[in-house]
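Dear colleague,

I am passing a structure on to you, and you will find its sequence and coordinates just below. My notes on what was found follow after that, so please read them with the model open.

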There are 2 protein chains.
Amino acid sequence: MIPGFECASWELRWRGLAVDNLHRTESTFALSNGHIGLRGSLDEGEPVGLPGTYLNGFYEAHDLPYAEAGYGYPEAGQTIVNVTDGKIIRLLVDDEPLDMRYGKAHSHQRTLDFRTGVLTRETEWESPTGALVRLRSQRLVSFTQRAVAAIRYEVEPVDRPLQLVVQSDLLANEPIVSESRDPRVAAALRDPLVAEFQHGEGERAVLVHRTRKSELRMAAGMDHEIISPDNLRSGLTVETDLARLTAAVDVGLGERLCVTKYLGYGWSGQRSAPALRAQVEAALAGARQTGWAGLLAEQRRFLDDFWDVADVEIDGDPELQQALRFALFHIVQAGVRGENRAIPGKGLTGPGYDGHAFWDTETFVLPVLTYTVPAAARDALRWRHSTLPKARERAHVLGKKGAAFPWRSINGAECSAYWPAGTAAFHVSADIADAVSRYVAATQDGDFDRNEGTELLVETARLWMSLGHYDPHDGFRIDGVTGPDEYTAVVDNNIYTNVMAQKNLTEAVAACERNPDSAERLGVDADELAAWRHAADEMCVPFDNLLGVHPQSEGFTSHEPWDFAGTPEDNYPLMLNYPYFDLYRKQVVKQADLVLALHLRGDLFTLEQKAADFAYYEARTIRDSSLSAATQAVVAAECGHLDLAFDYLAETALIDLQDLHENVRNGLHMASLAGAWLALVAGFGGMRDHHGELTFAPRLPSALSRASFRMCWRGSRICVEIERDTASYRLVSGDPVRSAHHGEPVEIGPEPVSMAIPPVPEFPTPSPPPGREPRRK
Amino acid sequence: MIPGFECASWELRWRGLAVDNLHRTESTFALSNGHIGLRGSLDEGEPVGLPGTYLNGFYEAHDLPYAEAGYGYPEAGQTIVNVTDGKIIRLLVDDEPLDMRYGKAHSHQRTLDFRTGVLTRETEWESPTGALVRLRSQRLVSFTQRAVAAIRYEVEPVDRPLQLVVQSDLLANEPIVSESRDPRVAAALRDPLVAEFQHGEGERAVLVHRTRKSELRMAAGMDHEIISPDNLRSGLTVETDLARLTAAVDVGLGERLCVTKYLGYGWSGQRSAPALRAQVEAALAGARQTGWAGLLAEQRRFLDDFWDVADVEIDGDPELQQALRFALFHIVQAGVRGENRAIPGKGLTGPGYDGHAFWDTETFVLPVLTYTVPAAARDALRWRHSTLPKARERAHVLGKKGAAFPWRSINGAECSAYWPAGTAAFHVSADIADAVSRYVAATQDGDFDRNEGTELLVETARLWMSLGHYDPHDGFRIDGVTGPDEYTAVVDNNIYTNVMAQKNLTEAVAACERNPDSAERLGVDADELAAWRHAADEMCVPFDNLLGVHPQSEGFTSHEPWDFAGTPEDNYPLMLNYPYFDLYRKQVVKQADLVLALHLRGDLFTLEQKAADFAYYEARTIRDSSLSAATQAVVAAECGHLDLAFDYLAETALIDLQDLHENVRNGLHMASLAGAWLALVAGFGGMRDHHGELTFAPRLPSALSRASFRMCWRGSRICVEIERDTASYRLVSGDPVRSAHHGEPVEIGPEPVSMAIPPVPEFPTPSPPPGREPRRK
């Protein structure tokens, strides 16, 4: 763990400042509701690692340069914009600005409480001239009022009366250092906001800006409530890129200054500046009406309900217990109020991946949301549905039918400038279809199924029909695509892609049969259904008879082994030190690919085959991607390698708290954090949802004496508790749930049902490549 | 044929101006000796299609931009520079500038004579004010004096005395319109030359410039001899980017003004401005010493000797006869005085491909030079040898041993910004090795063999050993490479690559055995030789048992067929209208790949297998590349499809005269022109050089009643004459040559030996894809 985090089960606390860790702690302490994201920077703005205020979907566009262009290459990139910063509250103490780099901090701590949803900062600071103040700020981004964030900022003198001046800012075009190697991206992000309107009155101000190229417009507003001694003098100044409320007051011993700052944010690609101003001012009015205490209470109620359906408990590893709740807290932050916008790979915690969303959302994040906050999963899928016109257009440009969803995007248009690991990764569309099927099975949301769901399944099924072909050699082939493993690209019959496409086709058939009116509206006829069924039946799944394992894609198992012994540790991640061409042609796997198929299409493989395949790929998988450990945990657990699974659970859960990939400064790894839940629930809980049935096969690793998790299924909430030799199932609320325990049917009702855990299957435990063992600091 | 070219066997003539065809005729009328290249623009500079003066190897560098960078991507591009233009001679006739767009041309023609090597322009022009002049200019780039070009410019009044003013220029930084889509390339080529030195005296001037980024320096000089009536007034002005000799004279009827302009060029990456100035002034002094008549005589002698060893004759198609000589003339222009510089894909006839050299040079151009002007082939291979340090460094960056030669380059460093069709095309190195083996076998040049040859073979053999690996499935595999067909990339066991690598390995063994001292110097021991032999023996060559053909690469024959019926003619070339990913995954072949293996490694395949493979690939090869038709001609002829072969011969020979690819404005297609010779000599002559033996298998297509060609072999010159039923072989000079005719041994001596031609093998003639039949206008 990064020095400084304290181990506690319901909160994350960092004592002391550690300026050189600010860029990391700003990510871990980021607050978000999926619409607004505020990095956990200090109230006074500086010192700062990487300031960041984000609005989901608000980006700037820039040209994508190609030294050699090609047909169908995306021409415009998108990059999330650091919008108007409303977090800033500066303080002068007897004429000396509070800057933690100067003077002396007698105490300083920041605490993120997973149950209150509030980030608290407590500081006792002595200015260089000896003035001592006690400062406490609380910050929240409201889960219940989507456009609102709020800060309560309290200061008091400790040992003598002081003059305090507070400056509360809205600051646009904050200077940031771009880490982009592309000068065009850096240029697009230098002063990205053009001022359109500004207004201030009393203690309230609004700034409206727009971007230059993407033509999006945003508004940020602030309002204040100040409690202080009577001598307060305050004033508001408004410029194009700055609104500032200044409040000066002499505060005696035993007195305090308390500023409550309400922030409202909104953006639109269509609404005018006056409309956006009105929207933000209305949000501020609502927030003031609710009041600080009301916002706190709503936040707590929301999280109480969330933990009731989502909490996980483990006995035997407090650090991991904290990491699991940290992970779930950030997943709910990233997803809950996205509302028809993407859930980016980093959530709204940093500028990493340019703020883009990837397939990880559907494959890793949405399963968690589907089984905990299903409405958030639905909203994320509605975003995908809203981008169908762009996905259809992309398929058309590529000469394909149906819809081809982008590898990376903010607004739904493909932004990947390297097609072998972007456009060619068509599995994205099957992953979306998989998430649709999972959501519909888990919720029986008929309305979504009839509308967005069936259309998404149909359009992605059409993509597969135009991507694949029947061949006399070996059935329905899907050639020239890239699977999840980005160290192997543009290959034939990637098994993951093929079996996920197969599921996509059969689920599309089922959806059309469930929803004949939708099918008719989408022009699906009996011939098309028959074609989908036939392609699914004939889907090519290559097998290596010599080695007795599935090749990740055709020819993979004939490729040269990677020289792990000759690869120094500093050469990882390999992509920074070896050319793609050499990675592609060798048996080295960046992240679970065939093994991910063993999880998601586990219904296709025997346990023996899974064990053989897992062992083969385990020895070749290096986890240069953060997406891998969770899947390895799940399949390792199924194959009985429980302690290996536990180590992978720890790696995926601690990825950001321990900064295992050394890039947490750019934001948290949402898929990896979601993977922590998957590793626990699908790994040690053995939870599977094949064919719309919910089943479990729990088993504990030796490091834990107990684990329990909660989830929801078709409106019911259940709790599963795993001990060494037994597991018990209990209904928390709703109707009883039909399930299975290690293949035995079980009905989960209000009374706990305890079931014996069968012996662990005995396969030799495989090893990861030398030097690539699971990581934990 | 483009309207305007007249059919004649020893010259190319264009009557009339046709401004909108200037960009084309400037390419076809380009003069070069492999060191200097002058596009065939009009003396007076305008109207002009695309001005161009090139020095082989003189380029500017520019950054290569990547929206997504990757390890090992080349960072700098290179682009040939339009250097100081010395061709320009402007004329004022009674105060009116001669501009062919104004006034009236009573007659105008340009003629390129393949025997004199002189481009002649004859014009009778009436100015808008009625002044009539007769103008004749002759231009040559000397084959014998490498740094020298010369122009003789003669004007006379036709019907009344006239005042004539001639301005003879050296013009640097001529404005050109860049066709590059990359703004960085366009920027690098805007005013690419920085003036360093200029000097003029009498009728002689020199300008020295350098490039900004590549740090190359060049000098251009001019000197003049003027014959005119006595009243001539002349003066020289010299500026940084312009030197101009102005000569004004009143010319009576029956008198004339005759200006002889000598041009000297030189460049260097190391020599100083004074040194370059001296070099150019020395070249001018030499040229004046030789004089215009002397230069003409040397040019003629050189070409007489060339045609003695290289001429081809056909009876039955005068247009094609002309095209064949045109092709040979440009090949000798491109290659003869390159002297340790590359032979670019366009020669020095235009800015196409940025002036880069590719593998086409070794595979198509060098065979022609090897058998006609072997010293030029040697020099081109010496250039490759001189770039070995860069090729070793590239291999090292890629994690490989030996030398990896670049896909495209001017100075030997890789400039390809798209690795799947660049770096991955490792066959480049085997193609170079093949050219080395061919040159050594054809010349027995022991000095080259011991030094450059063996080192090139050894270092490329080492590359293959580190690229390939033994696999329990199927022997020595070379995975993840791109073969000649650029519509299929990054594949396993591309047969062309594998069998060329196999030859590379066995030729490296043979060279080391021939030259044990060289082998020792290069650190080759017995183990290494054994490893090369073993890899060659175990080389994987996949075969499709179901279809009975060789897959171009593994899996190729299982890919989806291309929908030719659904591909409109306007959609060719496909790469401009379909994404790479879709081209790569389907059975569509841009250019001969497996079929090229059938030619170059014909020793590995039975005739029956060649016929089966040829038929399979013929139906899938669309010739979006100009490199394909020649190879198809060669293999079609071998399989007995003689008329199809003839059509491909015509396509490859006429590619530039008929502008079949609609891009001759950017320069001629040297490999395609060389392919015309290959189609005739290796196609209808059946010439092969497997295992260092020279053999023939002549046969005529129905369109021709006779064909003959000449070539040299180990210092001897021979002539092969093909008629319908017999072929005759005759020694032109040198020692008798041992050869074979359709498998029967034949000794070629001074007396013609006539041999009967056996019956044509009977295989059904395959068809190219619909709409992609051989082209000829």
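What rotation, and what shift along its axis, superposes chain B on chain A? Please keep in mind throughout that this is a predicted model. In it, chain B is superposed on chain A by a rotation of 180° with 0.1 Å of shift along the axis, and the RMSD is 0.1 Å. The two copies are therefore related as by a two-fold rotation axis. Both copies use the same surface, since 100% of the contact residues of chain B recur in chain A.

As for the contact between the chains, 46 residues come from chain B and 46 residues from chain A. On the side of chain B that touches chain A, β22 (469-471) and α13 (580-584) of chain B each supply at least two residues, and α13(B) gives the most, with four residues. By residue type, this side of chain B divides into 22 nonpolar, 12 polar and 12 charged residues.

Within chain A there is a division into domain 1 (12-306) and domain 2 (311-722), and the C-alpha centres of these two domains of chain A lie 35 Å apart. Their contact takes 32 residues from domain 1 of chain A and 40 residues from domain 2 of chain A. On the side of domain 1 of chain A that touches domain 2 of chain A, the elements giving two or more residues are α1 (22-28), β3 (31-32) and β7 (76-80) of chain A, and the residues of that side comprise 13 nonpolar, 16 polar and three charged.

Turning to the interior, the largest nonpolar core has 490 residues, and those with the most contacts inside it are Ile331(A), Ala676(A), Leu680(A), Ile331(B), Ala676(B) and Leu680(B). If neighbours within four places in sequence are left aside, Ile331(A) is in contact with Val365(A), Val368(A), Leu369(A), Met670(A), Leu673(A) and Ala674(A).

A helix that may be worth your attention is α16 (residues 629-638) of chain B, which is largely enclosed by the rest of the structure because 10 of its 10 residues are buried. Those buried residues of α16(B) include Ala629(B), Gln632(B) and Glu638(B), and what covers them includes α5 (360-370), α14 (594-600), α15 (607-618), α17 (642-654) and α18 (670-684) of chain B. After α16(B) comes Gly640(B), whose phi is positive, near 90°.

There is also a database annotation to consider. An unreviewed UniProt entry places the feature "domain: Glycoside hydrolase family 65 C-terminal" at residues 687-747 of chain A. Over residues 687-747 of chain A, the chain is 0% helix and 52% strand, with its end C-alpha atoms 15 Å apart.

Finally, a residue of chain B: is Cys719(B) buried or partly exposed? Cys719(B) lies in strand β27 (residues 716-722) of chain B, and it counts as partly exposed because it has 19 C-beta neighbours inside 10 Å, where 20 or more would make a residue buried. Not counting residues up to four places away in sequence, Cys719(B) touches Ser708(B), Arg710(B), Arg730(B) and Val732(B). Cys719(B) and Ile748(B), which are 29 residues apart in sequence, are 9.1 Å apart in space, C-alpha to C-alpha.

With best regards

Terms used:
Residues are numbered from 1 along each chain as its sequence is written. Chains are lettered from A and ligands numbered from 1 in the order in which they are written. This is a predicted model: local features need pLDDT of at least 70, side-chain atom pairs count only at pLDDT 80 or more; totals for chains, interfaces and linings use all residues. Domain bounds come from an automatic or database domain assignment. Two residues are in contact if their C-beta atoms, placed from the backbone, lie within 7 Å. Ala, Val, Leu, Ile, Met, Phe, Trp, Tyr, Cys and Pro count as nonpolar, Asp, Glu, Lys and Arg as charged, and the others, Gly among them, as polar. A nonpolar core is a set of buried Ala, Val, Leu, Ile, Met, Phe, Trp, Tyr and Cys residues joined through C-beta atoms within 7 Å. A residue is buried if 20 or more other C-beta atoms lie within 10 Å of its own, exposed if 12 or fewer, and partly exposed in between; C-beta atoms are placed from the backbone. Copies are superposed by least squares on the C-alpha atoms of residues with pLDDT of at least 70 in both. UniProt positions are given in the numbering used here, feature names are shortened, and annotations may be inferred rather than shown by experiment.
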